[in-house]
Amino acid sequence: MEIKITKTTAPRPRPDENNIPFGTFFSDHMFLMDYEAGKGWYDPRIVPYGPLSLEPSCMTLHYAQEVFEGLKAYRTADGHIQLFRPTENIARMARSCEKLCIPEVPADIYLDALKTLVKLDADWVPSAPDTSLYIRPFAFATDDHLGVHASHTYLFCIITCPVGSYYPEGLDPVHIAIESREVRAVRGGTGFTKCGGNYAASLHASEIAEKRGFSQVLWLDGVEQKYIEEVGSMNVMFKLGGKVITPSLAGGSVLPGITRKTALQLLGEWGYEVHERNISVDELIAAAEDGTLEEAWGTGTAAVISPIGEISYRDKRYAVNGVQIGPVTHKLYETITGIQWGRIEDTHGWTVKVC
Ligand SMILES: *Cc1c(COP(=O)(O)O)cnc(C)c1O
């Protein structure tokens, strides 16, 4: 399918490249494509970024039949622009779509849309250190109808925004609190999908944790509230007695992060023993107490690697690696960001050149 392009005549305001607030300034153009039952996806187009018109009865506003993705475009030192593992995002959104009963966006059109949009707004990809263009694809139900069933019409949209360094003051270890009352996801639910509803469900516990001075909550499983799942909206990894342990994806409540997958592959190549398995709070706290918990970090596209400096559980605080970033955490951050910005050679074929 050919993507029809309508260029803007009113360029949008741009942020100062050295001080970009996250998710605030949107680039000039957006990609749109419609779906109708019986017709499939049709009319792929790029148009000036602007408001969408929806009926108040739009099903998404009531029943949250919506999925999204998050990835970035990076400017390399020689001025090229590249994406990082975009086909992983496309495949993951297909799995999210299946669970939310949204028709899958064909992978070839999806990749073409990402590349064409980023290329058209190439001068929105910043070049200051550690900056990038954040890309947010999403698809949602558009039937104007109340009634709980899958919509017959959908809109697929991609918007982009320049983002600054996640760590303007350097990689600061975060303080997190284990959440033992509320849960983010349950077995058999939507935990493995990127759907807006998962985030809505996480806000309450996150707000309480923030008021108590923590930057994230460490979520436990929704069945026994015993096993660790994720940290905030990142996957979590621990270095315990020389081995790296991360919660398994088998239960379906942990989001299959692309940064997680990348980190696990690199760690394996570096010779670390890596285990994807359940890890209980009791095991983690015992390791924090006897000194075998060496490092802890979160992984996700926005922060890439986020060192965990302190874990709070039942009013006790446990420091990790003296609240300093550990060597493995640091090596992962340097290596992954190095590949993303083209400072380190990509021997895995993870980067996709846009222009
Ligand atoms: C997006 C997301 C992640 C991280 O996934 P990446 O592909 O690494 O960005 C982890 N947990 C949750 C809940 C997420 O929504």
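Me: Which residue forms a salt bridge with Lys261, and how far apart are the closest N and O atoms?

Reply: Start with the general idea: side chains of opposite charge can pair when their charged atoms come close. Keep in mind that this is a predicted model. Here the partner of Lys261 is Glu88, and their closest N and O atoms are 3.0 Å apart.

Me: How many salt bridges does the rule find across the interface of domain 1 and domain 2?

Reply: Just one salt bridge turns up across that interface. Polar contacts give you another thing to look for there: 12 residue pairs, both at pLDDT 80 or more, are in polar contact across the interface of the two domains.

Me: Which elements give two or more residues to the side of domain 1 that touches domain 2?

Reply: Look for strand 4 (66–68), strand 5 (71–75), strand 6 (81–84) and helix 2 (86–99). Helix 2 gives the largest share of that side, with six residues. Sort the residues on this side of domain 1 by type and you get six nonpolar, four polar and eight charged.

Me: Where do the domains sit along the chain?

Reply: The domain assignment puts domain 1 at 4–164 and domain 2 at 174–340. Their C-alpha centres lie 28 Å apart. To the contact, domain 1 brings 18 residues and domain 2 brings 20.

Me: What area do domain 1 and domain 2 bury between them?

Reply: As a general habit, the size of an interface is often given as the accessible area lost when the parts come together. For this pair of domains, that comes to about 1,800 Å², with 59% of it on carbon and sulfur atoms.

Me: Back to charged pairs. How many salt bridges does a search of the whole structure find?

Reply: The whole structure has 14 of them. One to pick out is Glu294 with Lys239, whose side chains meet at 2.7 Å, N to O. Glu294 is in strand 15 (residues 293–300) and Lys239 is in strand 12 (residues 234–240), so this pair ties together parts that are 55 residues apart in sequence.

Me: Now the ligand. How many residues surround it, and which are the closest?

Reply: You'll find 14 residues around the ligand, and the closest are Lys194, Tyr199, Glu230, Thr259 and Thr301.

Me: Which N or O atom lies 2.6 Å from an oxygen atom of the ligand?

Reply: That one belongs to the side chain of Thr259. Backbone atoms take part as well: a backbone N or O atom of Ile258 is 2.8 Å from an oxygen atom of the ligand, and a polar backbone atom of Ser233 is 3.3 Å from a ligand nitrogen.

Terms used:
Residues numbered from 1 in each chain as written. Predicted model: local features only at pLDDT ≥ 70, side-chain atom pairs only at ≥ 80, totals over all residues. Heavy atoms only, no water. Domains from an automatic or database assignment. Contact = heavy atoms within 4.5 Å. Buried area = accessible area lost by both parts, 1.4 Å probe. Salt bridge = Lys/Arg side-chain N within 4 Å of Asp/Glu carboxyl O. Polar contact = N/O pair within 3.5 Å; in protein donor to acceptor, adjacent residues only side chain to side chain. Helix = DSSP H or I, 4+ residues; strand = E, 2+ residues; numbered from the N terminus. Nonpolar A, V, L, I, M, F, W, Y, C, P; charged D, E, K, R; others polar. Near = heavy atom within 4 Å.
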